[in-house]
Amino acid sequence: MSVILVVGGAGYIGSHTCKVLRRAGHTPVCVDNLGSGYRSAVKYGPLEVGDLRDGAFLDGVFFRWRPEAVIHFAAHIEVAESVKRPDLFYSNNVGGTLSLLTKMVEHGVLNLVFSSTCAVFGLPEVVPLTETLPHAPINPYGASKSMAERIIADFSHAFGIRAVVLRYFNASGADPDGEIGERHDPESHLIPIAIEVALGKRDKLLVFGDDYATPDGTCVRDYVHVVDLAAAHLLAIDHLKGKTAFQAFNLGNGKGYSVLEIISAVERLAGRPVARSFAPRRAGDPPLLVADSALARKRLGWRPAFPDLDQIVGTAWRWHCNVMEEPAA
Ligand SMILES: NC(=O)c1ccc[n+]([C@@H]2O[C@H](COP(=O)([O-])OP(=O)(O)OC[C@H]3O[C@@H](n4cnc5c(N)ncnc54)[C@H](O)[C@@H]3O)[C@@H](O)[C@H]2O)c1
């Protein structure tokens with residue numbers, strides 16, 4: 001099978017993808033600066049520690065491993081931080097992607113799978129979200145991913161890069177075997193925060209806004225299991241063997257859950273209450289984000305294996321109960 005560079009493979013979604021690649025017989029070579037990733041999450045192949053904006057470092061990695069494809073997860077991901085420090089986000093998410101693409105072309109590695117996000121669509125007027133909606137990001141994080149997508153499309157046209165762009169909705173859950181899971185620092189995602197409250201690691205959870213035009217007034221999101229996202233990357237690698245030059249896919253389960261429904265699911269599975277209080281709406285939070293993933297089902301043959309909310313929350317809960325406290329890197 002083939003060697004695949006997994007850039008950002010020490011992070012949450014990257015580490016789960018390395019496991020799926022390994023199981024399929026590939027060699028996932030993790031490339032990570034360990035800025036927000038964890039050395040202990042790199043269990044399924046070798047680790048090259050360095051920054052993707054360091055061209056000499058990337059030259060060494062491409063010479064040593066001669067990969068068949070690159071999966072690019074590495075990015076800053078926290079929306080609120082992107083508003084305060086757009087410099088960091090554009091440097092890493094745009095500059096890093098440009099650096100990586102340039103080295104891919106120089107080394108003749110032309111197959112790419114890129115991690116994008118529903119944040120490229122901003123505040124969509126049409127739900128569920130198809131790939132045909134226009135990009136209209138409302139924060140530097142979404143803008144950085146939209147710019148990276150554009151750069152990839154241009155490199156595809158000019159240099160023959162074949163690219164699959166995967167736009168995740170809310171990545172969630174953990175490896176069902178309990179080997180790896182979600183560890184962001186600071187954590188900004190709802191399910192791990194609710195679990196931390198249930199475990200007594202936080203006092204309470206803040207629900208931002210209870211007056212949206214949704215059934216219970218709180219925001220609705222499409223939660224998709226991280227192992228299902230990982231499986232989509234394996235399918236995307238296969239897809240690149242076809243005639244695809246550039247193709248984007250939205251990845252979600254097509255079903256939305258409100259903040260209060262997520263809290264109830266955590267309380268049910270944990271058997272403990274989750275203290276919460278209500279806070280004003282956050283600027284730029286769309287009321288409803290649900291994916292239309294028909295294209296991924298049709299073209300990639302993607303079939304989520306863990307679509308149920310209880311599977312998502314249950315695997316996350318088991319991981320958080322067992323995870324050892326470990327500092328980043
Ligand atoms: N988590 C989600 O719900 C979600 C949703 C949509 C899109 N995404 C996208 O998926 C990707 C992965 O997200 P995640 O949740 O696994 O994040 P993460 O922070 O857990 O993983 C990112 C990894 O990239 C590494 N990295 C960052 N900058 C780097 C650099 N310059 N050089 C080398 N390594 C670098 C980090 O150390 C980390 O291991 C990101 O691109 C993110 O934008 C995530």
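Colleague: What area is buried between domain 1 and domain 2?

Modeller: About 2,300 Å² in this predicted model. Carbon and sulfur atoms give 71% of that area.

Colleague: Which residues of domain 1 lose the most area to domain 2?

Modeller: Y223, H225 and D228. Together they make up 31% of what the domain 1 side buries.

Colleague: Back up a bit. Where do the two domains run along the chain?

Modeller: Each one comes in two segments: domain 1 is 3–172 + 223–251, and domain 2 is 190–221 + 254–322.

Colleague: And how many residues does each domain put into the contact?

Modeller: Domain 1 puts in 28 residues, and domain 2 puts in 28.

Colleague: What separates the centres of the two domains?

Modeller: 24 Å, going by the C-alpha atoms.

Colleague: OK, polar stuff now. How many salt bridges are there between domain 1 and domain 2?

Modeller: The count is 0.

Colleague: And how many residue pairs are in polar contact?

Modeller: There are 8 such pairs between the domains, counting those with both residues at pLDDT 80 or more.

Colleague: Which elements give two or more residues to the domain 1 side?

Modeller: Strands β7 (170–172), β10 (223–225) and β11 (246–251), plus helix α7 (226–239).

Colleague: Which of them gives the most?

Modeller: That's α7, with 6 residues.

Colleague: Last one: how many nonpolar, polar and charged residues are on that side?

Modeller: The domain 1 side that touches domain 2 has 18 nonpolar residues, 8 polar ones and 2 charged ones.

Technical notes
Residues numbered from 1 in each chain as written. Predicted model: local features only at pLDDT ≥ 70, side-chain atom pairs only at ≥ 80, totals over all residues. Heavy atoms only, no water. Domains from an automatic or database assignment. Contact = heavy atoms within 4.5 Å. Buried area = accessible area lost by both parts, 1.4 Å probe. Salt bridge = Lys/Arg side-chain N within 4 Å of Asp/Glu carboxyl O. Polar contact = N/O pair within 3.5 Å; in protein donor to acceptor, adjacent residues only side chain to side chain. Helix = DSSP H or I, 4+ residues; strand = E, 2+ residues; numbered from the N terminus. Nonpolar A, V, L, I, M, F, W, Y, C, P; charged D, E, K, R; others polar.
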